[in-house]
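User: Hi! I have a small protein open in my viewer and would like to walk through it with you. Could we start at the surface and work inward?

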Amino acid sequence: MPGYVLGNFFIYSVINAFTPGPGNILALNTVTNYKKEIVEDIIVDLEQAFSEQ
């Protein structure tokens, strides 16, 4: 298994531990398809959205 797959899964697992529902799917898709800078922006946005609920 390539290292990037394990890295992506680790990032997804960390996000999954703190956010419920569709945000997990968005985070996994973003981590898999885009660069780190874009992923960091979306993760911060997800954290803010779920912390306001």
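User: Happy to begin there. Which residues make the nonpolar surface patch of about 430 Å²?

Analyst: Glad to help, and please keep in mind that this is a predicted model. A patch residue needs over 30% relative accessible area, and Phe-18 in helix α1 has 68%. The patch of about 430 Å² is made by Phe-10, Ile-11, Val-14 and Phe-18.

User: Is Phe-18 buried or exposed?

Analyst: The cut-off for exposed is over 50% relative accessible area. Phe-18 has a relative accessible area of 68%, so Phe-18 counts as exposed.

User: Thanks! How much accessible surface does the whole protein have, and what share of that surface belongs to carbon and sulfur atoms?

Analyst: For the protein as a whole, the accessible surface comes to about 4000 Å². Of that surface, the share belonging to carbon and sulfur atoms is 63%.

User: How is the fold put together, in terms of helices and strands?

Analyst: The secondary structure comes to 3 helices and 0 strands. Helix α1 covers residues 3–18, helix α2 residues 22–33, and helix α3 residues 36–51. Read from the N terminus on, the order of elements is α-α-α.

User: Which element has the lowest mean pLDDT?

Analyst: The protein averages a pLDDT of 77, and 89% of the residues score at least 70. Where pLDDT is low, predicted coordinates should not be read in detail. Among the elements, helix α1 has the highest mean, 80, while the lowest mean, 76, belongs to helix α2.

User: Now the interior, please. Which residues form the largest nonpolar core, and which element gives the most to this core?

Analyst: The largest nonpolar core has 6 residues: Ile-15, Ala-27, Val-31, Val-39, Ile-43 and Leu-46. Two or more of these residues come from each of α2 and α3. With 3 residues, the element that gives the most to this core is α3.

User: Why does Ile-43 count as buried, and which residues does Ile-43 touch beyond four places away in sequence?

Analyst: Ile-43 lies in helix α3. Buried means under 20% relative accessible area, and Ile-43 counts as buried because its value is 18%. Leaving out residues up to four places away in sequence, Ile-43 touches Ile-11 and Ile-15.

User: How far is Ile-43 from Gly-23 in space?

Analyst: Along the sequence, Ile-43 and Gly-23 are 20 residues apart. In space, C-alpha to C-alpha, the separation is 9.0 Å.

User: What about Asn-8: buried or exposed, and which residues does Asn-8 touch?

Analyst: Asn-8 is found in helix α1. Its relative accessibility is 16%, so Asn-8 counts as buried. Not counting residues up to four places away in sequence, Asn-8 touches Val-31 and Thr-32.

User: How far apart are the C-alpha atoms of Leu-28 and Asn-8?

Analyst: Leu-28 is found in helix α2 and is partly exposed, at 34% relative accessible area. Leu-28 and Asn-8 are 20 residues apart along the chain. Their C-alpha atoms are separated by 7.5 Å.

User: One more pair: what separates the C-alpha atoms of Ser-13 and Ala-27?

Analyst: Ser-13 is in helix α1 and is partly exposed, with a relative accessible area of 29%. Ala-27 is one of the residues of the largest nonpolar core. The two are 14 residues apart along the chain, and their C-alpha atoms are separated by 9.8 Å.

User: Lastly, what percentage of the residues is buried?

Analyst: Ile-43 and Asn-8 are both buried. Out of the 53 residues in the protein, buried residues make up 23%.

Terms used:
Residues are numbered from 1 along each chain as its sequence is written. This is a predicted model: local features need pLDDT of at least 70, side-chain atom pairs count only at pLDDT 80 or more; totals for chains, interfaces and linings use all residues. Side-chain values use heavy atoms; hydrogens and water are left out. Helices (H or I, at least four residues) and strands (E, at least two) are DSSP runs, numbered from the N terminus. Buried means under 20% relative accessible area, exposed over 50%, partly exposed in between (1.4 Å probe, protein chains only). Accessible areas come from the Shrake-Rupley method with a 1.4 Å probe; for residues, only the protein chains shown count as cover. pLDDT is the predictor's confidence in each residue, from 0 to 100. Patches are made of residues with over 30% relative accessible area and no salt bridge: like charges are joined within 9 Å, nonpolar side chains (Val, Leu, Ile, Met, Phe, Trp, Tyr) within 5 Å. A salt bridge is a side-chain nitrogen of Lys or Arg within 4 Å of a carboxyl oxygen of Asp or Glu. Contact means heavy atoms within 4.5 Å. A nonpolar core is a set of buried Ala, Val, Leu, Ile, Met, Phe, Trp, Tyr and Cys residues joined through side-chain atoms within 4.5 Å.
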